[in-house]
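Colleague: I should like to understand the terms used for this structure and the values behind them. May we go through them one by one?

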Amino acid sequence: KQKIEALKLTHPKLATILETAGQLALKATVYQASLDDKEGAKKLYDATDEVYYQIQKLYPNIPIDRATVRNIVQHAYEKMQKEA
């Protein structure tokens with residue numbers, strides 16, 4: 001949260017995208033984790049796809065790479081697993 005707030009001062013649009021990606025990542029990882037017919041790597045890949053495509057739809061003029069989205073989703077997924 002502190003990093004996002006600091007980023008808002010210098011790059012407000014990027015901060016908004018990363019904040020949105022984080023929120024979408026939480027939802028996507030919770031959904032993917034609820035599916036029993038997939039292995040962990042496939043769940044992470046599918047959650048990344050969901051978040052990446054939503055970010056592209058919401059912010060079509062601002063480039064964000066898939067690796068950045070994957071890192072955000074992976075962080076959310078690992079955090080969720082630790083809390084479970």
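Colleague: Which residues does tyrosine 52 touch, not counting residues up to four places away in sequence?

Modeller: Tyrosine 52 touches Ile64, Asp65, Arg66 and Val69, where contact means heavy atoms within 4.5 Å. Please note that this is a predicted model, in which local features need pLDDT of at least 70 and side-chain atom pairs count only at pLDDT 80 or more, while totals for chains, interfaces and linings use all residues. Residues are numbered from 1 along each chain as its sequence is written, and side-chain values use heavy atoms, with hydrogens and water left out.

Colleague: What is the mean pLDDT of the protein?

Modeller: The mean is 86, and 98% of the residues reach 70 or more; pLDDT is the predictor's confidence in each residue, from 0 to 100. Among the elements, helix H1 (residues 2–10) has the lowest mean, 81, and helix H3 (residues 40–58) the highest, 89.

Colleague: How many helices and strands are there in the protein?

Modeller: There are four helices and zero strands, so the order from the N terminus on reads α-α-α-α. Both kinds of element are DSSP runs numbered from the N terminus: helices are H or I with at least four residues, and strands are E with at least two.

Colleague: Why is tyrosine 52 called buried?

Modeller: Its relative accessible area is 14%, and buried means under 20%, exposed over 50%, and partly exposed in between, with a 1.4 Å probe and protein chains only. Tyrosine 52 is therefore buried. This residue is found in helix H3, and its C-alpha lies 9.5 Å from that of valine 73, although the two are 21 residues apart in sequence.

Colleague: Why does aspartate 46 count as buried?

Modeller: Aspartate 46 has 13% relative accessibility, so it counts as buried. It is found in helix H3. Leaving aside neighbours within four places in sequence, aspartate 46 is in contact with Gln32 and Lys38.

Colleague: What joins the side chains of aspartate 46 and lysine 38?

Modeller: A polar contact of 2.5 Å joins them. The term covers a pair of N or O atoms within 3.5 Å; within protein, one must be able to donate a hydrogen and the other to accept it, and residues adjacent in sequence count only if both atoms are side-chain atoms.

Colleague: Why is threonine 16 called partly exposed?

Modeller: Threonine 16 has a relative accessible area of 31%, and is therefore partly exposed. This residue lies in helix H2.

Colleague: Which residues touch the most other members of the largest nonpolar core?

Modeller: Of its 18 residues, these are Ala25, Val51, Ile55, Ile64, Val69 and Val73. Helix H2 (12–33), H3 and helix H4 (66–83) each give two or more residues to this core, and H2 gives the most, with six. A nonpolar core is a set of buried Ala, Val, Leu, Ile, Met, Phe, Trp, Tyr and Cys residues joined through side-chain atoms within 4.5 Å. Leaving aside neighbours within four places in sequence, valine 51 is in contact with Ala21, Leu24, Ala25, Ala28, Val69 and Val73.

Colleague: Why does the radius of gyration of the protein agree with that of a compact globule?

Modeller: With 84 residues, a compact globule would have a value near 12 Å, and the protein has 13 Å, which agrees. The radius is taken over C-alpha atoms, and the globule rule is 2.2 Å times the number of residues to the power 0.38.
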